[in-house]
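Reader: I am new to this structure. Please take me through the part of it that is hidden from the surface, and tell me how that part fits with the rest.

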Amino acid sequence: MDLGVQSHKQYDAEEQKKARRPAPTGLFAPLVVGAKRVMGEKELNALRADVIVKHSKVIGAFVDTSESRFGQLVLRQMFEAADKDGNGTLDRREVRDALHALGFTFIEDKQLDKIFSRADENDDLVIDFEEFIKETPKTLRTSLTNGHDLGFLA
């Protein structure tokens, strides 16, 4: 008799499938699939790991410029572009729309909740400029290191 209850083993297996799902399409997917056939999966994974380390260093160096005078100017422009209603704060919709406009379309409500829980220091349900300049480098660092939609994980 099926009681509609899932075992931990079944749940864990399904969650694993969801967590590591290859990107079947994307700009680089055909190249990755071809490289896997030529190099073998083990060698390709070693190459991926090396590229990820180097990519992360580049992203880190880029994001670290946020504290420079130029970085502060860029953050101000980003904030003003995201502040669609011009009220000096960003609500959830403005933050989500800005992230999606930057290409981070994989950001969903769960990730948005985490961003707001870190950034909204005074719990007023909006992010002001001071909160924005503290959180944005962290969010960019995390989001830019993901290879979403490019097919690197094919």
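Author: A nonpolar patch, as the term is used here, is made of residues with over 30% relative accessible area and no salt bridge, with nonpolar side chains joined within 5 Å. The model is a predicted one, and such a patch is a useful contrast to begin with. Val-38, Met-39, Leu-47 and Val-51 form a nonpolar patch on the surface, and together they have about 370 Å² of accessible area. Helix 2 (29–39) and helix 3 each supply at least two residues of the patch. Met-39, for example, is found in helix 2. Because its relative accessibility is 33%, Met-39 counts as partly exposed.

The chain as a whole comes next. Its secondary structure comes to seven helices and two strands, and from the N terminus on the elements run α-α-α-α-β-α-α-β-α. The chain has 154 residues, of which 26% count as buried. About 11,200 Å² is exposed, and carbon and sulfur atoms supply 58% of that area. Among contacts with a separation of 6 or more, 63% are between residues 24 or more positions apart.

Now to the hidden part. The largest nonpolar core has 19 residues, and those that touch the most other members are Leu-90, Val-95, Leu-99, Phe-104, Ile-127 and Phe-132. Two or more residues come from each of helix 3 (41–64), helix 4 (69–82), helix 5, helix 6 and helix 7. Helix 6 gives the most to this core, with four residues.

Which residues of helix 6 are buried? In this helix, residues 109–119, they are Leu-112, Ile-115, Phe-116 and Ala-119. These residues cover an arc of only 95° around the axis, so they are on the same side of helix 6. The face turned away from that buried side carries the exposed residues Lys-110 and Ser-117. What do the buried residues of helix 6 pack against? Their partners are strand 1 (89–90), helix 5 (92–101), strand 2 (127–128) and helix 7 (129–144).

Two further residues show contacts in more detail. Phe-104, one of the core members named above, is in contact with Leu-99, Leu-140, Ser-143 and Leu-144, leaving aside neighbours within four places in sequence. Thr-89 lies in strand 1, one of the elements that the buried residues of helix 6 pack against. Thr-89 counts as buried because its relative accessibility is 18%, where the cut-off is under 20%. Not counting residues up to four places away in sequence, Thr-89 touches Phe-79, Asp-83, Glu-94, Val-126, Ile-127 and Asp-128.

Past helix 6, the chain enters the loop between helix 6 and strand 2, the place of Asp-123 and also of Leu-125. Is Asp-123 buried or exposed? Asp-123 is exposed, with a relative accessible area of 64%. Leu-125 is exposed as well, with a relative accessible area of 66%. Asp-123 has a positive phi of about 55° although it is not a glycine. For Leu-125, also a residue other than glycine, phi is positive and near 70°.

Note on methods. Residues numbered from 1 in each chain as written. Predicted model: local features only at pLDDT ≥ 70, side-chain atom pairs only at ≥ 80, totals over all residues. Heavy atoms only, no water. Buried < 20%, exposed > 50% of the residue type's maximum accessible area, 1.4 Å probe, protein only. Arc of directions from axis to C-beta. Contact = heavy atoms within 4.5 Å. Core = buried A, V, L, I, M, F, W, Y, C linked by side-chain atoms within 4.5 Å. Patch = residues over 30% accessible without salt bridge, like charges linked within 9 Å, V, L, I, M, F, W, Y side chains within 5 Å. Areas by Shrake-Rupley, 256 points an atom, 1.4 Å probe, with all protein chains shown as cover. Salt bridge = Lys/Arg side-chain N within 4 Å of Asp/Glu carboxyl O.
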